[in-house]
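Trainee: I would like to learn how to read cavities, pockets and helix packing in a model. Where do we start?

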Amino acid sequence: MMKNIAAANPLKEYRAAKIRQVTVSFFANLLRYAFLIAFSYILLYPIIYILTHSFRAPVDVTDPTILWVPKNLSWEPVKEAIERLNLPTSLWSTLKLEVVSALISTATCGIAAYGMARFKFRGRGVLNFILLLTILVPASIVIIPNYMNFYDFNPLGIVHLIENIFNTNINSSLLSTVWTFWLPALTGVGIRAGFYIYIYMQFYKGLPKELEEAAWVDGCGPWGTYLRIVVPSSGVSVLTVSMLAIIWHWNDYYNALMYFQSDHTMAVEISNFVSKIRVEGGRRIETDAPMAACLIYLLPVLIMYMFLQKKFITSIASTGIVG
């Protein structure tokens, strides 16, 4: 009898351990899902709120019984938003200034990063320090000096020298022109350019040098090696930088407001949207047009991310960006 009881104890212990393991696993999964659902709600709440308020009829705006799902659907908020945003003009300005600048920065920052990551030269440490400063210093700190520079664009005093020689007056102001965005992008000092260069540098340092050395043996110079070997191998980093550049340029507000008095981008029009309604109406805002305007503004970025999310997440992991 004692032997049977002793033999049964290990089985009971195994069952008890199995029950504890299943219980702990169940509660751990429960807590995990509760956290993910709560965190997802916090992230998705603004988008859900915008979607549910962008198509409400005017009669539903003042109805206190409606919180989320509207009783009457209407396109009036969208139509009003398109009109007040000056959508054709603001969208064209955003594409012409911001998106083109983002694509230019994607290319020029890659070239600058390749030179700093692969070549050794005097002043490299100083340039790395300056690169770090461009990442740490907020853009709002240097917006006034940049404005003054573009207001009287006189590189190395050449413009004023020509004026003195020929006794003429040259309008050297670049304000309200595309060059206030394109010129910094072409020289690798555009919006968040330091961060783009850092991403490229981290990726280039991980590329095998044997590929470049083989290209040099075959007669490729630095430019040939970069264009034929490095660029085709850098699809991951290019995707990361291009998406970040487009998003940050799309959301740019300070530069577009400072450099342009008219033909504002969508970011500026969105910021002035509610104030325009207040000035024109002189009353309490009883329209969902601001929510519809936010939806129109977010839609291109959301569509881009929906199509590229898998590749973007993979590229973020491959470039070593953490934290």
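Mentor: We start with a term. A cavity is a set of grid points where a 1.4 Å probe fits but cannot get out, and its lining residues have an atom within 4 Å of a point. The model here is predicted.

Trainee: Which residues line the largest cavity?

Mentor: The lining consists of Leu-207, Pro-208, Leu-211, Glu-212, Ile-229, Val-230 and Ser-233. Two elements give two or more residues each to this lining: helix H10 (209–217) and helix H11 (222–230). By class, the lining has five nonpolar residues, one polar and one charged.

Trainee: How many cavities of 30 Å³ or more does the structure hold?

Mentor: The structure holds one. The space in the largest cavity is about 30 Å³.

Trainee: H11 helps to line that cavity. At what angle does H11 pack with H4?

Mentor: For a helix pair, read the angle and the axis distance together, then the residues in contact. Helix H4 (residues 87–118) and H11 pack at about 120°, and their axes lie 12 Å apart. The crossing of H4 and H11 is right-handed.

Trainee: Which residues of H4 and H11 meet?

Mentor: H4 brings Ala-107, Gly-110, Ile-111 and Tyr-114, while H11 brings Pro-222, Trp-223, Thr-225, Tyr-226 and Val-230. By class, this contact has seven nonpolar residues, two polar and no charged ones. Val-230 of H11 meets H4, and Val-230 also appears in the lining of the largest cavity.

Trainee: What volume does the largest pocket have?

Mentor: A pocket, in contrast to a cavity, is an open set of points. The largest pocket has a volume of about 1,100 Å³. It is lined by 43 residues, of which Val-142, Val-189, Gly-190, Ile-191 and Arg-192 are the closest to its centre.

Trainee: Which elements give two or more residues to the lining of the largest pocket?

Mentor: They are H4, helix H5 (124–136), helix H6 (143–151), helix H8 (179–186), helix H9 (193–205), helix H12 (235–250) and helix H13 (254–259). H5 gives the most, with six residues. The pocket lining divides into 27 nonpolar, 14 polar and two charged residues.

Trainee: Which element has the lowest mean pLDDT, and which the highest?

Mentor: Where pLDDT is low, the predicted coordinates should not be read in detail. Helix H15 (residues 273–281) has the lowest mean, 65, and H8 the highest, 94. The protein averages 84, and 91% of the residues score at least 70.

Definitions and conventions: Residues numbered from 1 in each chain as written. Predicted model: local features only at pLDDT ≥ 70, side-chain atom pairs only at ≥ 80, totals over all residues. Heavy atoms only, no water. 1 Å grid on protein atoms, 1.4 Å probe; cavity = no way out; pocket = protein on both sides within 12 Å on 5 of 7 lines; lining within 4 Å. Points joined across faces, edges and corners; volume = space filled by probe spheres on them. Helix = DSSP H or I, 4+ residues; strand = E, 2+ residues; numbered from the N terminus. Nonpolar A, V, L, I, M, F, W, Y, C, P; charged D, E, K, R; others polar. Axes fitted to C-alpha atoms, helices over the stretch in contact; angles between N-to-C directions. Left-handed = near helix turned anticlockwise from the far one by under 90°. Contact = heavy atoms within 4.5 Å. pLDDT = per-residue confidence, 0-100.
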